[in-house]
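Work through the exercises below with the sequence and the coordinates at hand. Each task is followed by a solution in steps.

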Amino acid sequence: MPNRLYVPFRREVLVGPERLAFFGDAVFAIAITLLALDISVPEDLPDSDVAHAVREAVPAIGAYLLSFLVIGALWLAQHALFRLIATIDRWLLFCYFALLAIVAALPFPTKLISEYGDTTTGTAFYAASIFLTVVLYCAMYLRLIAKPGLTAPHATPSNLTEVFRRSLVVALVFATSVPVAFFSPTLAKYWWLLAVPANLLFRARPAAASGGQDESQPSEG
């Protein structure tokens, strides 16, 4: 990546895109590790009670797998974003720190949905957490669209707009699942699956319009 650096708050602190991404990697790794700490069974159980204890842990295991996939997807989105950034400015830095703050706290809504997943509050809180995270990604892409000087040479306006739209669709899926949770928390969880086909739809449309060439990759030759 280019070596252009940003000095936040006019102090002697240099933050480049690569170092910031490394810091984010550490936050994502810690968050995804903490998810597993809520999976447990009581100690010193008699043999006859072990199967029941494992069944009782199934909701925690399900919540762990869900958040593992979510955090993994957010981590991949982070690296897709940083491949398009050449210079970090104050707005990008603020948005990214806010994003990492939510990611670091995701073990809490994960525990909430594992223990109270059948409630409106637990489901809506989890959906709102993911919504806020994706919205921050959208804000960072909007900043790159508004300030082309911050972007890498291969980041085209159409590519940035495409990824912004895909992120916005995912955000809307989680946002609309919140009112759905007031009707049915279970239906709201299935509602989240709409993010997958919606994301694929917006991924395929630009490729078809450009004759199958992915604009996110620099052309060869």
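**Exercise 1: a nonpolar patch**

At 39% relative accessibility, L187 counts as partly exposed. The model is a predicted one. Task: find the helix that holds L187 and state which residues form a nonpolar patch with L187 on the surface.

Solution.
- Step 1. L187 sits in helix α8, which covers residues 185-191.
- Step 2. Patch members need over 30% relative accessible area, and L187 has 39%.
- Step 3. The surface patch consists of F183, L187, Y190 and L193, and together they have about 500 Å² of accessible area.

**Exercise 2: salt bridge partners of two arginines**

Task: how many salt bridges does the model contain, and which residues pair with R143 and R166?

Solution.
- Step 1. The criterion is a side-chain nitrogen of Lys or Arg within 4 Å of a carboxyl oxygen of Asp or Glu. The count by this rule is two salt bridges.
- Step 2. R143 pairs with D89, with 2.8 Å between the closest N and O atoms. R143 belongs to helix α6 (residues 120-146) and D89 to the loop between α3 (58-82) and α4 (90-105), so the bridge ties together parts 54 residues apart in sequence.
- Step 3. For R166 the partner is E162, and the closest N and O atoms are 2.7 Å apart. Both residues lie in helix α7 (residues 157-183), four residues apart, which means a separation of about one helical turn.

**Exercise 3: burial of the paired residues**

Task: classify R143, D89, R166 and E162 as buried, partly exposed or exposed.

Solution.
- Step 1. Buried means under 20% relative accessible area. D89, at 11%, is therefore buried.
- Step 2. R143 has 22% and is partly exposed.
- Step 3. R166 and E162 are both buried.

Note on methods. Residues numbered from 1 in each chain as written. Predicted model: local features only at pLDDT ≥ 70, side-chain atom pairs only at ≥ 80, totals over all residues. Heavy atoms only, no water. Helix = DSSP H or I, 4+ residues; strand = E, 2+ residues; numbered from the N terminus. Buried < 20%, exposed > 50% of the residue type's maximum accessible area, 1.4 Å probe, protein only. Patch = residues over 30% accessible without salt bridge, like charges linked within 9 Å, V, L, I, M, F, W, Y side chains within 5 Å. Areas by Shrake-Rupley, 256 points an atom, 1.4 Å probe, with all protein chains shown as cover.
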